[in-house]
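I am opening a notebook on a structure that is new to me, and I want to write down what I look up as I go. The entries follow the order in which I turned to each part.

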Amino acid sequence: MRIIFIGPPGAGKGTQAKKLVDLLGIPHLSTGDLLRGVKDQDSAVAKWVARHLDAGVLAPDHLVMRIVAQRLESRDCAKGCLFDGFPRTLIQAQLLDEHLQRTNHTIDLVLELDVDRRLLLERLVKRASIEHRVDDNERTIKARLQVYDAQTSPLLEFYNKRGLLKKIDGMQSPDEVFSSIRHEVLACQS
Ligand code: ADP
C-alpha cells in the first residue's frame, strides 16, 4: 500500500506513522527525517538544506522529489510505503504523480490528521522544551503553521476530488487516533 499522511506540525503524525508502519510492515518515508539526514552531511547541498529547515520554510520541491525518488528505488519500498510530510505542495503532488506513473504505482489512501490550532501550538511549544529541535522555537513554529495553511492544505482538496482523502480526528487519545486510522486502512484494503 502507498499511503500519504498529511497534517500540520504537532498533529502527532510521527507517533501515528510509527504505529502504522509497524502494522503494515512498510517503510516510513519521512521527508523531514530524510532532509535532516542531508543537512548533517558535509556538503554545499547540506548547507542549502539547513538554511530552509532552520527557518521552518520548505526545501525546494525538485530537490525533495529527487531525495524521495532515490529512497523509492530501494527494494523495501517495492510493496509500498507511508509518505510522511510529503507531498507538501501541489507541485510536489504532481511530481509524485508523474514519478508513480512512470513506475506503474498508485496512491491507495490519503489520511488527514486534523487537530485544533490552539492545541497544536500548545503541543509544539511543549515539544520545543523537551526535544530542543532547532526549528521548534516560537517564530519557526508559527512560520511552519503558515506554510502548512498556504502550501500544504490545498492538497486536501486535490486528493479529496480523487476520492482518496480520509479525515482522522487527531484530538482523540493516541490509541483512539490509531484505531480510527486502522479502520480506514482496513476499509481501503478490503
Ligand atoms: P514538522 O511536520 O513537525 O514540521 P518535519 O520533520 O515533517 O516536521 O519537517 C521539518 C522540516 O523539513 C520542514 O519545516 C521543512 O523545512 C522540511 N521539509 C520536510 N518535508 C518537506 C517537503 N516535503 N518539502 C519541503 N520541505 C520539507
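**Entry 1, a loop residue.** I looked up S153 and found it in the loop between α7 (138-152) and α8 (154-160). I note at once that this is a predicted model, so my entries describe a prediction. Is S153 buried, exposed or partly exposed? With a relative accessible area of 25%, S153 is partly exposed, because buried would require a value under 20% and exposed one over 50%. I also checked S153 against E112, which is 41 residues apart from it along the chain, and their C-alpha atoms are separated by 9.7 Å.

**Entry 2, the sheet.** I then traced the strands and wrote down an open sheet of five, in the order β2-β3-β1-β4-β5, with parallel pairing. At the edges I found β2 (28-30) and β5, each of which pairs on one side only. Ignoring direction, I have neighbouring strands of this sheet turned by 25° against each other on average. Looking at one pair in detail, I counted five bridges that join β4 to β5, the two running parallel, and I noted that L111 stands opposite K166 in β5.

**Entry 3, helix α9.** Next I turned to α9, which covers residues 174-189 and has 16 residues. From its first C-alpha to its last, α9 reaches 22 Å, close to the 22 Å expected at 1.5 Å a residue. Which residues of α9 are buried? I listed V177, F178, I181, E184 and V185. These buried residues cover an arc of only 125° around the axis, which puts them on the same side of α9. On the face turned away from that buried side I found the exposed residues D175 and H183. To see what the buried residues of α9 pack against, I looked up their partners, and these are β1 (2-6), α1 (13-24), β4 (109-114) and β5 (165-169).

**Entry 4, two helices that pack.** My last look was at α2 (residues 31-39) and α4 (residues 61-72), which pack at an angle of about 100° with their axes 11 Å apart. That angle makes α2 roughly perpendicular to α4, because angles of 65 to 115 degrees count as such. Which residues make this contact? On the α2 side I wrote down T31, L34, L35 and V38, and on the α4 side V64, I67, V68 and R71.

Definitions and conventions:
Residues are numbered from 1 along each chain as its sequence is written. This is a predicted model: local features need pLDDT of at least 70, side-chain atom pairs count only at pLDDT 80 or more; totals for chains, interfaces and linings use all residues. Side-chain values use heavy atoms; hydrogens and water are left out. Helices (H or I, at least four residues) and strands (E, at least two) are DSSP runs, numbered from the N terminus. The expected span of a helix is 1.5 Å times one less than its number of residues. Buried means under 20% relative accessible area, exposed over 50%, partly exposed in between (1.4 Å probe, protein chains only). The arc is that of the directions from the helix axis to the C-beta atoms. Contact means heavy atoms within 4.5 Å. Two strands pair if DSSP finds at least two bridges between them. Axes are lines fitted to C-alpha atoms, for helices over the stretch in contact, and angles run from 0 to 180 degrees between N-to-C directions. Angles under 35 degrees count as roughly parallel, over 145 as roughly antiparallel, 65 to 115 as roughly perpendicular and the rest as oblique.
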